[in-house]
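This report describes one protein chain, going from its overall form to single residues. Please keep the sequence and the structure in view while reading.

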Amino acid sequence: QVQLVESGGGVVQAGGSLSLSCVASGSFFEIGNMGWFRQAPGKERELIAYFLNDGSPTYAESVKGRFTISRDKTKNSVYLQMDTLKPDDTAVYFCHAPGRLSSCSSWRDFWGQGTPVTVSS
């Protein structure tokens, strides 16, 4: 089975830090640029960090300067270092990967189950 699994979420006080990890496993033929989304209750899912095709990271304005995305392509993994966390960062964080399962398959979106992050005042 193909799956993305996030880890590292938890509860932290404002100003603290958390590190998230996501590992893709299974019979992917090819995986594209992995990234991170988050979704707060009652809100739309928000793209917060991802890689451009040239390999450079891009961030949503709400997290720029505080979050850092990194990856290890050999391990099909992506990471998110979150510093100076704010209560507004409270959300479920999702790993995302575009991929295809064979050379003749179309690309599709793969999602992790999400890892919750709660930032208290």
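Buried means under 20% relative accessible area, exposed means over 50%, and partly exposed lies in between. The model discussed here is predicted.

## Tryptophan 111

At 31% relative accessibility, Trp111 lies between those two limits and therefore counts as partly exposed. The residue belongs to strand β11, which covers residues 108–111.

Which residues does Trp111 contact, leaving aside its neighbours within four places in sequence? They are Leu4, Phe37, Arg45, Phe94, Cys95 and His96. A further pairing concerns distance: Trp111 and Ser25 are separated by 86 residues in sequence, while their C-alpha atoms are 12 Å apart in space.

## Fold and dimensions

The protein chain has zero helices and 12 strands. Read from the N terminus, the order of elements is β-β-β-β-β-β-β-β-β-β-β-β.

The radius of gyration of the protein chain is 14 Å, which agrees with the value near 14 Å that a compact globule of 121 residues would have. Along the principal axes, the C-alpha trace spans about 50 × 30 × 25 Å.

## Burial, contacts and surface

Of the 121 residues in the protein chain, 36% are buried. Among contacts with a separation of 6 or more, 55% are made by residues 24 or more positions apart.

The protein chain has an accessible surface of about 6600 Å², and carbon and sulfur atoms account for 49% of that surface. As for charge, the protein chain carries 11 positive and 11 negative charges, and the mean positions of the two sets are 2 Å apart.

## Cysteines

A disulfide is a covalent bond between the sulfur atoms of two cysteines. The structure holds one disulfide. Its partners are Cys22 and Cys95, with their sulfur atoms 2.1 Å apart. This pair links distant parts of the chain: Cys22 sits in strand β3 (residues 18–25) and Cys95 in strand β10 (residues 91–100), 73 residues apart. The torsion about the S-S bond of Cys22 and Cys95 is about -80°, so the disulfide is left-handed.

Are Cys22 and Cys95 buried or exposed? Both are buried. Cys95 also appears in the list of contacts of Trp111. Another cysteine, Cys104, has 72% relative accessibility and therefore counts as exposed.

## Positive phi angles

Most residues other than glycine have a negative phi. Which phi does Asn76 have? The angle is positive, about 50°, although Asn76 is not a glycine. Asn76 lies in the loop between β8 (67–72) and β9 (77–82). With 31% relative accessibility, Asn76 counts as partly exposed.

Thr84 is also not a glycine and has a positive phi of about 50°. Thr84 is placed in the loop between β9 and β10. Its relative accessibility is 46%, so Thr84 counts as partly exposed.

Definitions and conventions: Residues are numbered from 1 along each chain as its sequence is written. This is a predicted model: local features need pLDDT of at least 70, side-chain atom pairs count only at pLDDT 80 or more; totals for chains, interfaces and linings use all residues. Side-chain values use heavy atoms; hydrogens and water are left out. Helices (H or I, at least four residues) and strands (E, at least two) are DSSP runs, numbered from the N terminus. The radius of gyration is taken over C-alpha atoms; the globule rule is 2.2 Å times the number of residues to the power 0.38. Buried means under 20% relative accessible area, exposed over 50%, partly exposed in between (1.4 Å probe, protein chains only). Contact means heavy atoms within 4.5 Å. Accessible areas come from the Shrake-Rupley method with a 1.4 Å probe; for residues, only the protein chains shown count as cover. Lys and Arg count as positive and Asp and Glu as negative; His and the chain ends are not counted. The place of a charge is taken as NZ of Lys, CZ of Arg, CG of Asp or CD of Glu. A disulfide is a pair of cysteine sulfur atoms within 2.5 Å.
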